[in-house]
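Grab your viewer and work through these exercises one at a time. Try each task before you read its solution.

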Amino acid sequence: MERIRKLVAQLQISVRDDESDYFRTMDYFLILGGIQLLSKNPVHQVLFLCYRMLMTVQFSVWFDRVYVAYSEWNSTSELIGVISFLLGLVMIVVRAIIIRLYLEDIYAARKYLGAQLNGLRMSESRIQSYRLLRRIGLVLEYTFFADQILFYAFGIYQDKQYTVPDNLSRLGWQMKLLFNIIISTNHFVFSSVYATILTVQNTLLMGIGAELDVILAQCDGIMARVDEKLKNAVDRDGDQRMLYDVRGSRAEYFFWKLMKRELNVTVARHSRLLEQIDILGGFFKMNFLVMFYMAIVIIGCASFYVNMLGLTVNTVIILSYVGAILLESYWFCKIADNMNDTNSQIGESLYNLGWSERMPEMPEARKEYFEIRETLLIVMTKVQQDLGISCGGMFGLSMQAFHELLKMIYSFLTFLLNTTS
């Protein structure tokens with residue numbers, strides 16, 4: 001009993017979330033999606049390898065399904081249904097591979113964002129962002145797990161596309177049993193990989209968004225911090241410290257010194273964040289390119305399949321995945337729009353500080369003034385541009401891009417319906 005109690009206590013410690021690590025959810029999903037295992041334990045490594053092998057076999061089975069549907073079923077609607085399912089798996093696998101290829105860039109950005117966000121555990125923006133991120137991840141897993149239950153409860157696994165094909169059943173009962181195990185866990189495994197893809201992108205984009213909110217708050221508070229420091233400045237003894245008299249012209253010089261220091265800290269933080277976005281630029285371009293154009297084909301084919309078969313439990317599950325892909329596209333387009341708006345607000349906040357109304361009279365203060373103005377001009381130029389989160393470098397991710405996506409899906413679905421009729 002004592003051993004069991006210790007095991008339960010260790011499990012509780014391992015799952016307890018004190019919200020200290022902004023990227024904890026992402027680390028968990030990277031394991032669940034078979035992309036990255038941080039543990040060096042040999043047993044864990046072997047189990048992780050077996051998990052990847054299961055994914056590979058499950059992915060391969062659907063190529064056989066397409067071949068059987070094409071050569072034996074003689075049904076256009078069922079063939080398109082199987083093809084749409086295979087395309088969904090292709091999209092998931094390709095995007096998981098993209099994450100694996102850009103993992104070094106992801107961890108580089110994670111290191112910077114983690115250092116910034118984990119140091120702001122009491123920030124309201126950071127807390128809300130992290131909790132929303134964790135909630136989305138849990139909702140995805142619960143939804144896909146519910147789909148798996150429906151798969152069994154309503155006997156969907158007995159449908160034609162899930163039964164053992166003749167070319168495999170000839171290999172014996174062992175192959176039949178193996179196929180049933182593989183096909184019955186297919187939904188949950190690849191749904192977990194899909195949830196991993198969404199969580200990785202969500203974590204990075206929401207982390208960048210949270211950091212932008214912090215920088216915007218810093219910009220809004222520059223004048224208040226400068227005035228507070230100026231108010232608290234006192235005369236000091238002339239031994240080994242810098243002295244400022246807060247009266248008269250020296251107060252003016254001190255103001256511009258403080259203004260320059262606060263501005264440089266904020267601008268440097270914004271520049272470092274833009275560097276992280278540039279590092280992740282290749283990952284975002286490739287991932288959103290696959291997301292955007294595969295969504296057109298998958299949603300078009302799946303909608304055509306549902307239209308031909310009508311509403312069944314199986315088509316309802318398919319519609320849930322279609323909804324997930326559409327919601328993903330909307331969500332990331334909306335996040336990109338919000339991030340670009342916040343970036344623009346940083347420029348507006350700096351412009352509306354009121355610093356330009358306090359023209360300095362001292363020659364020394366004028367030097368600080370012109371340096372501040374030069375810095376602000378550079379920042380204003382940067383924030384007038386989008387953050388560069390694009391779809392393959394062809395167009396920026398935005399709500400306008402999402403509207404175009406809906407139009408292309410409708411056009412593709414109309415094409416399929418007209419062709420078959």
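**Exercise 1. Take stock of the fold.** Work out how many helices and strands the chain has, and what share of its residues is buried.

Solution. Remember that this is a predicted model. Start with the secondary structure: the chain has 15 helices and two strands. Next, go through the burial of the 421 residues, and you get 47% buried. Then look at the surface, where about 21900 Å² is exposed, with carbon and sulfur atoms supplying 60% of that area. Finally, take the contacts between residues at least 6 apart in sequence: 81% of them join residues at least 24 apart.

**Exercise 2. Find the core.** Find how many residues the largest nonpolar core holds, and which of them have the most contacts inside it.

Solution. The largest nonpolar core comes to 107 residues, and Ile-99, Ile-106, Ile-208, Phe-284 and Leu-350 have the most contacts inside it. Helix H9, residues 186-220, gives the most to this core, contributing 17 residues. Now check H9 itself: 31 of its 35 residues are buried. From first C-alpha to last, H9 reaches 50 Å, close to the 51 Å expected at 1.5 Å a residue. As background, nonpolar side chains in soluble globular proteins tend to be buried together.

**Exercise 3. Walk along H5.** Determine the reach of helix H5, list its buried residues, and see what Ile-106 touches.

Solution. H5 covers residues 103-117, and its 15 residues reach 20 Å between the first and last C-alpha, close to the expected 21 Å. Its buried residues are Leu-103, Ile-106, Ala-109, Arg-110, Tyr-112, Leu-113, Gly-114, Gln-116 and Leu-117. While you compare those positions, keep in mind that an α-helix has 3.6 residues a turn, so residues three or four places apart point the same way. Then pick Ile-106: not counting residues up to four places away in sequence, it touches Met-26, Ile-99, Val-200, Leu-204, Leu-280 and Phe-283.

**Exercise 4. Track the salt bridges.** How many salt bridges does a search of the whole structure find? Take three of them and say which helices they link.

Solution. The search turns up five.

- Step one: Asp-27 pairs with Arg-110, with the closest N and O atoms 2.7 Å apart. Asp-27 is in helix H2 (residues 24-32) and Arg-110 in H5, so this bridge ties together parts 83 residues apart in sequence. With a cut-off of under 20% relative accessible area, Asp-27 counts as buried at 14%, and Arg-110 counts as buried at 16%.
- Step two: Arg-269 pairs with Glu-211, the closest N and O atoms being 2.6 Å apart. Because Arg-269 lies in helix H11 (residues 248-279) and Glu-211 in H9, the pair ties together parts 58 residues apart in sequence. Both Arg-269 and Glu-211 are buried.
- Step three: Glu-262 meets Arg-225 at 2.8 Å, N to O. Glu-262 sits in H11 and Arg-225 in helix H10 (residues 222-232), so parts 37 residues apart in sequence are tied together. Glu-262 is buried with a relative accessible area of 10%, whereas Arg-225 is partly exposed at 27%.

**Exercise 5. Follow a long-range contact.** Is Leu-263 buried or exposed, and which residues is it in contact with beyond four places in sequence?

Solution. First place it: Leu-263 belongs to helix H11. Its relative accessibility is 1%, so Leu-263 counts as buried. Its contacts, leaving aside neighbours within four places, are Ile-222, Leu-350, Ile-372, Thr-375 and Leu-376. Zoom in on Ile-372: it is 109 residues from Leu-263 along the chain, yet their C-alpha atoms are separated by 7.7 Å.

**Exercise 6. Check a loop and a surface patch.** Say where Gln-36 lies, then name the residues of the nonpolar surface patch that includes Tyr-293.

Solution. Gln-36 lies in the loop between H2 and helix H3 (42-73). At a relative accessible area of 19%, Gln-36 is buried. Beyond four places in sequence, its contacts include Phe-48, Arg-52, Leu-103 and Tyr-107. For the patch, Tyr-293 goes with Met-394 and Met-408, and together they have about 280 Å² of accessible area. Tyr-293 lies in helix H12, residues 281-309, and counts as partly exposed at 33% relative accessibility.

Notes
Residues are numbered from 1 along each chain as its sequence is written. This is a predicted model: local features need pLDDT of at least 70, side-chain atom pairs count only at pLDDT 80 or more; totals for chains, interfaces and linings use all residues. Side-chain values use heavy atoms; hydrogens and water are left out. Patches are made of residues with over 30% relative accessible area and no salt bridge: like charges are joined within 9 Å, nonpolar side chains (Val, Leu, Ile, Met, Phe, Trp, Tyr) within 5 Å. Accessible areas come from the Shrake-Rupley method with a 1.4 Å probe; for residues, only the protein chains shown count as cover. A salt bridge is a side-chain nitrogen of Lys or Arg within 4 Å of a carboxyl oxygen of Asp or Glu. Helices (H or I, at least four residues) and strands (E, at least two) are DSSP runs, numbered from the N terminus. Buried means under 20% relative accessible area, exposed over 50%, partly exposed in between (1.4 Å probe, protein chains only). The expected span of a helix is 1.5 Å times one less than its number of residues. A nonpolar core is a set of buried Ala, Val, Leu, Ile, Met, Phe, Trp, Tyr and Cys residues joined through side-chain atoms within 4.5 Å. Contact means heavy atoms within 4.5 Å.
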